[in-house]
Amino acid sequence: MTVERRNLVIVHDANPVARAAGAQPGQPLTDARALVPGLRSVSVDPARIERAWQATAHWLTRYTPLVALDPASPPTDVGGAAGFVLDVSGCSHLFGGEQGLLRDLVERMHAWGLPARAAMADTPLAAWGLARCGDAPVQCVPAGETLPALRPLPVTALNLPDATVEALDRLGLRRIGDIVALDRQALGQRFSEKLTRKQAEQARTTSERLLEALDRALGKRPDAITPLLPAASYAARKLFHEPIGTAASIEQTLVDLMAAVLPMVRRAGQGVRQAMVSLYRVDGARQDIRLRFHRPTLEPGLLLRLFSEQTETLDVGFGLDAVGLSVQRAETMQESQDSLLSHSVPGRHHPVLDRLTNRLGAEAVAQPTLRPRHDPREAELRQSVENALATPLTAVVGVSQQRSAAALDQDLGDPEIAAQAGLRRQAQPRPVILLAEPQPVQIDDAQPLTSGLRPPHQFHWRRQHHRLVRWSGPERLTPAWWDCPNGHLGTYASSPRSLPVTKDYFHVEDEEGRQFWMARTCSSPTAPFGDRTGQAAGRPHWTVEGLFA
Amino acid sequence: MSTPPSGAPDHTLESLRALIAQVERRPAPKLSRPVAEQQDHQRALPFEVADIDAALQGGMEYDVLQEVLPARTEWDDGLTTAFSASLLARRQQEDQRLNPGQNQPAPLFWIAQHDTAGAGLSAQGLVSLGLDPQALWLVNVRNDAEALWAFEEVLDHPDALGVVCEVCHLELAQSHRLNLKAAHTAREDRGRLLLALRRHKGARRPQANPTAAATRWRLASIPPHLLAPNGRGKGRAGTPELRRPARDAAALSLGPQDAGAAIHPSLQEASADFAAGGPAPSAHALTPPPAHHPMRQVRWRAEMFRQRGGSPASWLLEWSYETHRFRRLSELCAVGSATPE
């Protein structure tokens, strides 16, 4: 396996045969070729190695949910070996004891052609050292016998920096047993004998690190691993001797698992909000199916239905040898009394919404809500199911119309302008479709360019000519001043595109009877909307904003 | 040629219809229903326009697919959206009339695709049309298959009042499947208005292929010059300008399939009335500037080109932004001078 590093192809890893012949990880490929003429090389991508590392870790969750990647020597480093740390407390009896678990793991790894070494000890660091530096490929240290097992190992088994290992080597301390035999105080002093202050400081940290590693290995200092997956509140797993593959058998397994998990959740007075079904394939791949609910639930039927909807896209390969169910998020269940008359109260939440969001995505189902804003694109918000269900219902209908009428009163308080526009102080209807982006129209210059508080006579939009027959408006809508960079002056067309802009909106109808919502903005910063007579100072810019009909 | 005895064919037809209804799990075929039962508004949404409700035998039937098609595909997004939203608003009104004092509105569903016009549905616009958006769930899907899947799922909601589903392509079998599911999940006390809103997706346009919808509507805009006589239009109606009404009527006819043929007599009357004295659309030089006039309604030429167990018909129809009611435009026409302007 080779990787490219700084324009040089170097050997990333070599198989035992190649190593025996002289090819070493880290060598340039040309050097390795010179040593081993028959060398066959494969170029690999570090990202792919990383992915494979992760995938293997996910596969390992078949033994325990707490699996962490070992950061000490990542496989993406040249010559690095992929390491995993598993916390198997309480899990090993399922595999015939600790020995059985290790043997099973290593055998399965060998079956895929991966030479694996595994060790089990009281602490992660001790197991790490045993696996990397121990004699046997599979080592299981019984509880409480960590120290005797560590004694004969070289100091590198403590995962120490190279400088420390060198320093210890100079002192003749080559085995862990040698260090343990020393007095802790003496060890610290031995290192601080150096002369300069800087060196002394370095030495202190070195000795501190050494002592800390020793304590971690012997369990005198707590050592935590960072598992890939958050620990589930409730979980169950089922292993099979013969792989299963049919949809019916998978669903039956899920039913069995739910029978184990749901009573636990129920006993805690909780309901499932988020669950995950993990399917372990024989070839080592794992597939997770997430189930989300907007209300805590304990109904096996709902879980099963959501699951079976997602099994269409399921690829079980050569079959599954384990299936797990874990509850990631559980919430207190509000018990409600079943009413005698079904359908008596139309509830806002229904499992149908769960089914829609699980398949289409959480953002796909939304409820439109109005906000107190004049700018039409700011005036409404689409709330996801979760938010919509959390907000209480209010009587909103009519509010927005009243508001826009109030806005008219304020903005067009000048009676002259109001008379010119022929405004009745009444709520203006809004278009049923608001275009995602305002779409500019072309205005035929041969026609008199209308300006002021009037729409053009005709315009060209979407490759069609529109001659206007009727119009009403304008309605001046301003973005909220507290959202604008220049405050209450508002923003006009000269502002950057992304900002909301004050516009005059017109409701127009063309000769075919289609009604549009058009808007006008002016580019002049001094008199953005023209003078009293409605003559625009700059050239007005017209857009189509929405469709009424 | 052996003609069966009179009376016998009626009986055969009735029993066959009953059999079909049984197979389709639907209530009772319309034609054999007694007149008194046809007034049962629980099973249909009345337009509250006498002619239309009579032609539909009570209104838009609940729990069976209804289909809305645009006449000019790319340009009628607004028209078809407004029509569907108006019908949903009508459905909400009916619900409030029948179940007053509900503390929360019953849910409505609008299934839109990310590239169809419904993605831009505006809550403010819905409020203008009289629909309470708090009850509305917008479901955003990626394609026709997902839209139909979502439609079927939503039918499981026991409290839904109405569903609008935007699809481009709808097969006969798919629509039949939806009808079966709807009949299966129907509730006695609450009817659902089910609309399939046919949309174009980019260049792909909906075809008017046969579907199992109970009624199929094609909506077009009404050129305003047909509706706004120049004040003295009535006086000119008698002058021998016979060509123009005919042409305008033809202009109103939609699509190549039914050019001229599907024009309902009432529409021909209406357009004849409106067109008399209206400005000629080709006279560009003489075009008056657009008039400043508030537009307080959405108008459609609504052509019901297929009705199961009934005959097709078409109407000029409007929905008011103020009263939130349907109105037939020929009534306006009869009033004459009462038309706006």
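**Exercise 1. A salt bridge within one helix**

At 1% relative accessibility, B:Glu94 counts as buried. Find which residue B:Glu94 forms a salt bridge with, and describe that partner.

*Solution.* Before we start: this is a predicted model, in which local features need pLDDT of at least 70, side-chain atom pairs count only at pLDDT 80 or more, and totals for chains, interfaces and linings use all residues. Residues are numbered from 1 along each chain as its sequence is written, chains are lettered from A and ligands numbered from 1 in the order in which they are written, and side-chain values use heavy atoms, with hydrogens and water left out.

- Step 1. Apply the burial scale: buried means under 20% relative accessible area, exposed over 50%, and partly exposed in between (1.4 Å probe, protein chains only).
- Step 2. Look for a salt bridge, that is, a side-chain nitrogen of Lys or Arg within 4 Å of a carboxyl oxygen of Asp or Glu. The partner is B:Arg97, with the closest N and O atoms 2.9 Å apart.
- Step 3. Place the pair. B:Arg97 and B:Glu94 are separated by about one helical turn, because they stand 3 residues apart in helix H4 of chain B. Helices (H or I, at least four residues) and strands (E, at least two) are DSSP runs, numbered from the N terminus.
- Step 4. Check the partner: B:Arg97 is partly exposed, at 48% relative accessibility.

**Exercise 2. A salt bridge between chains**

Work out where A:Arg305 and B:Asp156 lie and what their pair joins.

*Solution.*

- Step 1. The two side chains meet in a salt bridge at 3.6 Å, N to O.
- Step 2. A:Arg305 belongs to helix H12 (residues 300-310) of chain A, while B:Asp156 is in the loop between helix H6 (144-154) and strand E6 (162-167) of chain B, so the pair joins two chains.
- Step 3. A:Arg305 is partly exposed with a relative accessible area of 33%, and B:Asp156 is partly exposed with 23%.
- Step 4. Widen the view: A:Arg305 and B:Asp156 are part of a salt-bridge network that also includes A:Arg355, B:Glu153 and B:Lys181. Over all chains, the structure holds 43 salt bridges.

**Exercise 3. Rings that tie distant parts together**

How many aromatic pairs does the structure hold over all chains? Examine two of them in chain B.

*Solution.*

- Step 1. The count is 16 aromatic pairs. Rings of Phe, Tyr and Trp (its six-membered ring) pair if their centres lie within 6.5 Å; planes under 30 degrees apart count as stacked, over 60 as edge-to-face and the rest as tilted.
- Step 2. B:Phe47 and B:Phe326 make a tilted pair, 5.1 Å centre to centre with 45° between the planes. B:Phe47 sits in the loop between strand E1 (44-45) and helix H3 (50-55) of chain B and B:Phe326 in strand E12 (residues 326-328) of chain B, so the pair ties together parts 279 residues apart in sequence. Both B:Phe47 and B:Phe326 are buried.
- Step 3. B:Phe83 and B:Trp217 are also tilted, because their ring centres are 5.8 Å apart and their planes at 45°. B:Phe83 is in helix H4 (residues 77-98) of chain B and B:Trp217 in strand E8 (residues 215-220) of chain B, so this pair ties together parts 134 residues apart in sequence. B:Phe83 and B:Trp217 are both buried.
- Step 4. Ring pairs link these residues into a cluster whose members include B:Phe47, B:Phe83, B:Trp217, B:Trp300 and B:Phe326.
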